[in-house]
Structures are given as structure tokens and as C-alpha cells.
Amino acid sequence: MNRRHFLRASALFASMGLLSRGGLFSQTRSMASMPDGFVRLRRNVGIFNGRGGTIGWLASPDALAVVDTQLPDTAAKCLAGIPQRGDRQIDALINTHHHGDHTSGNSVFRPVVKKIVAHKNVPGLQRAAAARAKPPALDKQVYADTTFAETWSLALGGSRDGAETIHARHFGPAHTSGDIIVLFEKANIVHMGDLVFNRLHPVIDRAGGASIAGWIATLETAAKTYPADAIYVFGHGGATPRFGVTGGRDDLLAMRDYLTGLLDHTHRQIAAGKSRAEIITLDKLPGFEEYQQTRRLASNLGVTHDEIINAPRA
Ligand SMILES: [Zn+2]
């Protein structure tokens with residue numbers, strides 16, 4: 001690289017924040033030394049893959065945050081590996097929704113987090129699900145202490161490189177009636193929680209207030225609301241790197257298309273006079289044959305049927 005090219009590249013790196021403290025060199029070093037399961041995505045934000053819904057994390061000298069907590073054993077691994085934490089308190093733990101594979105690790109994080117944030121429906125949904133569980137799991141629950149109806153945000157850190165602003169927003173019932181989407185504004189990373197099961201048959205929690213029509217609308221609004229070049233994080237993804245737990249706006253729209261396909265197919269079956277029992281005996285949803293977790297298809301067809309005919313929620 002000649003001097004002119006070097007200067008141009010330096011200016012570019014500097015504009016990307018890569019030559020600053022905590023920049024390219026420390027990023028390279030920290031990537032090399034990331035503990036098992038940790039992936040840095042952009043700026044100070046990354047993911048942790050253990051068992052259960054993908055955990056998002058923010059770690060800088062000025063700010064620490066976590067999105068979802070999986071299960072107690074993997075939550076402990078995640079907590080131990082969060083970059084740069086030392087003995088600092090975590091500024092916020094955010095639960096994208098109430099499901100156990102996203103909140104069971106709350107107990108591990110509780111002593112070291114300043115607040116647990118969730119949509120206002122989440123504590124009630126979490127309590128009801130724990131009471132229904134076999135055996136009941138009420139004594140294992142740790143609930144959000146900070147809840148909101150539509151939007152919540154938190155600005156963290158003062159330094160140019162370490163600052164981040166987190167925005168959370170509820171768009172209405174979808175996967176449950178308490179889903180939120182979490183944006184790390186400066187990193188331009190959006191955690192979708194379980195609003196995207198990337199190329200997997202999703203869980204549709206009708207007892208937890210799910211709405212397939214609402215879910216479709218939420219994904220369309222989200223695709224318009226967040227930046228086109230955002231990195232999206234998904235609660236669950238396929239085994240292949242191509243359709244894993246991170247992706248782009250196209251993956252939101254693919255999830256919307258799956259839900260639309262499910263709704264359209266079930267509408268046609270009902271119109272053709274098929275019973276619920278007949279509708280749920282289907283091996284592959286036409287157009288979505290490659291989707292994994294096929295054991296969920298029957299239950300998804302059942303809840304779709306119930307939503308269309310407006311059956312009482314279980
Ligand atoms: Zn879920």
C-alpha cells in the first residue's frame with residue numbers, strides 16, 4: 001500500500017471508528033479471544049449462542065446491556081464471558097418476551113443488573129405460563145421490574161466510542177402478546193426476539209396472546225421502521241450459516257411470507273369444508289417445504305384454524 005492509499009484507508013478506517021481506542025486492533029484481539037458462543041457483530045454489540053433464544057449483548061467501557069437470558073446454565077456462561085464487564089453492574093437486561101428459553105436465566109443475571117425491562121404484559125404471561133408448567137415453575141421466575149406499553153429507551157455512556165442508545169418497541173400481539181423489538185441505534189443492530197424463527201416452523205403461542213395477522217403486520221412495520229442496512233438478530237435460526245440467527249430485512253419478509261402462507265392455506269382448507277382434525281394432518285406446507293422443525297406444523301395449522309374461526313384461546 002503506497003502512502004496515498006494508506007492515508008485514504010486510514011481516513012476510511014477512522015471514519016468507521018476502527019482506528020480509535022477500542023477500534024480495529026482491540027476488536028481483532030477481542031474477536032480472537034471471544035469465549036465460546038460469543039460473536040461480535042458490529043461496534044460494541046454481539047450475540048451469545050447457548051441453548052434457547054439468542055442472547056444479544058452490548059459491552060463497552062461505558063455501557064453494558066443484555067437482551068434475553070436463555071436458561072440458567074447457559075446464562076451463567078454468558079454472564080461469565082461478557083467482554084469488558086469486570087465487576088460492573090449491567091445497565092439493563094431486556095426480555096423480548098416471556099418464554100422460558102428467553103427468561104429462565106433472569107435469576108442468574110438478577111444480582112448484577114440494575115433493571116429488567118419488558119413489555120407490560122410479560123410478567124403476567126410469564127406467571128401464567130409458569131403456573132401451567134408441569135411441574136409448576138412459579139418459584140423459579142424472576143420478573144421484569146420496569147415495564148412499558150409502547151416504547152422505552154435508554155441512552156448509555158458518554159464517550160464517543162462507548163456510547164449507545166437502546167430503543168425497545170411493542171408493535172402489538174404477534175408471537176405472544178408481549179413481544180418487543182430492541183434496536184441498538186449506534187451499532188445499527190435490531191434484536192427481533194422470536195418475531196423471526198429464521199426458516200424454521202415457529203412457535204405460535206395462542207394461549208400467550210399470539211396473533212398471526214398481528215405478527216404479519218408487525219413484520220411489515222418493522223421492515224419499514226428499521227434501517228435497510230441493520231443487522232437483525234433472531235431468537236432462533238436454522239442450522240445452516242445461510243439462515244442462522246442473524247440476517248437482514250429479507251429474512252423478516254420471508255418470515256412474513258411463511259405466516260401469510262399458513263394463513264392462506266388454512267383459509268382455503270376451511271373454505272373447502274375441511275375439519276380442524278383434517279387440516280392439521282399435513283406433512284409439508286406448500287411453498288415452505290424446506291422449513292425445519294416440522295413437528296410444529298400440525299400445532300401451527302391448529303392455532304391458525306382457531307384464529308380464523310375465532311375460537312376461544314386455550
Ligand atoms: Zn418465544
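**Sheets, zinc site and cores of a predicted model**

All 5 of the 5 residues of strand E3 (residues 55-59) are buried, so E3 is largely enclosed by the rest of the structure. The model is predicted. Both faces of E3 are covered. On one side lie Ile55, Trp57 and Ala59, and on the other Gly56 and Leu58. This split follows a general pattern: in a regular strand, side chains alternate between the two faces of the sheet.

E3 belongs to an open sheet of 7 strands with mixed pairing. The strand order is E1-E2-E3-E4-E5-E6-E7. Strand E1 (38-42) and strand E7 (146-148) are the edge strands, each pairing on one side only. From one strand to the next, the twist averages 25°.

The pairing can be followed from E1 onward. E1 and E2 run antiparallel and are joined by 4 bridges. Phe38 has Phe48 in E2 as its bridge partner. The two strands form a hairpin with 2 residues between them. In that turn, Arg43 has a positive phi of about 50°.

Strand E2 (residues 45-48) is in turn joined to E3 by 4 bridges, again in an antiparallel arrangement. Here Ile47 is the residue whose bridge partner in E3 is Gly56. This hairpin has 6 residues between its strands, and Gly52 in the turn has a positive phi of about 110°. Both faces of E2 are covered. Val45 and Ile47 are buried on one side, Gly46 and Phe48 on the other.

E3 and E4 form a hairpin with 4 residues between them. The two strands run antiparallel and share 4 bridges. In E4, Val66 is the bridge partner of Trp57. The direction then changes: strand E4 (residues 64-67) and strand E5 (residues 92-94) run parallel, joined by 3 bridges. Ala65 is paired with Ala92 in E5.

Past E5, the chain reaches a metal site. His97, His99, His175 and Asp194 coordinate the zinc ion at 2.1 to 2.2 Å. The donor atoms are NE2 of His97, ND1 of His99, NE2 of His175 and OD of Asp194. Along the chain, the donors follow the spacing H-x1-H-x75-H-x18-D. His99 lies in the loop between E5 and helix H4 (100-103). Asp194 lies in the loop between strand E11 (189-191) and strand E12 (197-198). The pair therefore ties together parts that are 95 residues apart in sequence. Both His99 and Asp194 are buried.

The geometry of the site is irregular, because the 4 donor atoms subtend angles of 89 to 166° at the zinc ion. Four donors count as tetrahedral if all angles lie between 85 and 135 degrees. The upper end of the range, 166°, falls outside that window. For reference, the ideal angle for four tetrahedral donors is 109.5 degrees.

A further open sheet has 6 strands in the order E8-E9-E10-E11-E13-E15, with mixed pairing. Strand E8 (151-156) and strand E15 (246-247) stand at its edges. Each has a single partner strand, so one side of each is left without a neighbour in the sheet. Within this sheet, E11 and strand E13 (residues 231-233) run parallel and are joined by 3 bridges. Ile189 has Ile231 in E13 as its bridge partner.

Thr165 is placed in strand E9 (residues 164-169). Thr165 has a relative accessible area of 16% and is buried, because the cut-off is under 20%. Beyond its neighbours within four places in sequence, Thr165 is in contact with Leu154, Ala155, Leu183, Phe184 and Glu185.

Nonpolar packing was examined next. The largest nonpolar core holds 36 residues. Met192, Trp215, Leu219, Leu252, Tyr258 and Leu259 touch the most other members. Strand E10 (181-184), helix H7 (212-225), helix H8 (249-271) and helix H10 (297-309) each give two or more residues to this core. H8 provides the largest share, with 7 residues.

Met192 has contacts outside its neighbours within four places in sequence. These are with Ile180, Ile181, Leu219, Ala222, Tyr232, Val233, Phe234 and Leu252. A second, separate core contains 23 residues, including Leu58, Ile166, Ile231 and Val233.

Key: Residues numbered from 1 in each chain as written. Predicted model: local features only at pLDDT ≥ 70, side-chain atom pairs only at ≥ 80, totals over all residues. Heavy atoms only, no water. Core = buried A, V, L, I, M, F, W, Y, C linked by side-chain atoms within 4.5 Å. Buried < 20%, exposed > 50% of the residue type's maximum accessible area, 1.4 Å probe, protein only. Contact = heavy atoms within 4.5 Å. Pairing = 2+ DSSP bridges. Axes fitted to C-alpha atoms, helices over the stretch in contact; angles between N-to-C directions. Donors = N, O, S within 2.8 Å, 3.2 Å for Na, K, Ca; no water. Tetrahedral: all angles 85-135°; square planar, octahedral: opposite > 155°, others 65-115°.
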